[in-house]
Amino acid sequence: MAIRLAVRLTPRGGRDAAEGWARDEKGQPYLKVRVAAPPVEGAANGALVALIAKALKVSRGSVRIVTGEQSRLKILEIDGAAQADLDRVFGSP
């Protein structure tokens with residue numbers, strides 16, 4: 001079972017951290033995340049995958065970026081985690 005998670009990534013954010021939820025103009029929730037890595041050669045995306053995997057206690061291979069590889073707003077697909085896990089770790093949207 002895989003769940004989807006919308007994320008807005010801020011590269012070169014000084015530290016790696018999830019900073020809570022926000023909503024886009026359509027009212028869809030997304031998780032705000034910052035990473036210290038620059039957006040060069042996939043470094044920021046790799047840091048994002050590592051951060052989410054560690055927070056949810058799943059392997060890095062269980063976290064995939066399915067859309068938004070080159071943009072700030074990304075959709076992640078996470079195997080081995082449930083919506084309850086997201087709510088426990090990041091709070092409810």
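In which helix is the place of Asn45? Asn45 belongs to helix 1, and the tour of this predicted model returns to that residue after a survey of the sheet and the helices.

**The sheet**

Begin by selecting the five strands, which form an open sheet in the order 2-3-1-5-4 with mixed pairing. At its edges are strand 2 (17-23) and strand 4 (63-67), each of which pairs on one side only. Neighbouring strands of this sheet are turned against each other by 40 degrees on average, direction ignored.

Next, display strand 2 together with strand 3 (residues 29-34): five bridges join them in the antiparallel sense. Within this pair, select Ala22 and find Tyr30 of strand 3 standing opposite.

**The helices on the sheet**

Now add helix 1 (residues 43-56). Helix 1 lies across strand 1 (2-10), strand 2, strand 3, strand 4 and strand 5 (73-79); relative to strand 5, helix 1 runs at about 40 degrees. Helix 2 also packs on the sheet, where it touches strand 1, strand 2 and strand 3. The direction of helix 2 makes about 35 degrees with that of strand 1.

**Where the helices meet**

Keep helix 1 in view with helix 2 (residues 83-90): their axes come within 10 Å and cross at roughly 100 degrees. The two helices are therefore roughly perpendicular to each other. To see the contact, select Ile52, Ala55 and Leu56 on helix 1, and Asp85, Leu86, Val89 and Phe90 on helix 2. By class, the contact residues comprise six nonpolar, no polar and one charged.

**Asn45**

Return to Asn45 in helix 1. Is this residue buried or exposed? With a relative accessible area of 10%, under the 20% cut-off, Asn45 is buried. Show its surroundings: leaving aside residues up to four places away in sequence, Asn45 touches Leu9, Ile65, Glu69 and Lys74. Of these, Glu69 merits a distance label, since its backbone oxygen lies 3.0 Å from a polar atom of the Asn45 side chain.

**Ser62**

The last stop is Ser62, in the loop between helix 1 and strand 4. Ser62 counts as buried, at 15% relative accessibility. Which side chain makes a polar contact with the side chain of Ser62? Select Ser59, whose side chain makes that contact at 2.9 Å. Finally, display Glu77, Ile78 and Asp79, which Ser62 touches when residues up to four places away in sequence are not counted.

Terms used
Residues numbered from 1 in each chain as written. Predicted model: local features only at pLDDT ≥ 70, side-chain atom pairs only at ≥ 80, totals over all residues. Heavy atoms only, no water. Axes fitted to C-alpha atoms, helices over the stretch in contact; angles between N-to-C directions. Helix = DSSP H or I, 4+ residues; strand = E, 2+ residues; numbered from the N terminus. Parallel < 35°, antiparallel > 145°, perpendicular 65-115°, else oblique. Contact = heavy atoms within 4.5 Å. Nonpolar A, V, L, I, M, F, W, Y, C, P; charged D, E, K, R; others polar. Buried < 20%, exposed > 50% of the residue type's maximum accessible area, 1.4 Å probe, protein only. Polar contact = N/O pair within 3.5 Å; in protein donor to acceptor, adjacent residues only side chain to side chain. Pairing = 2+ DSSP bridges.
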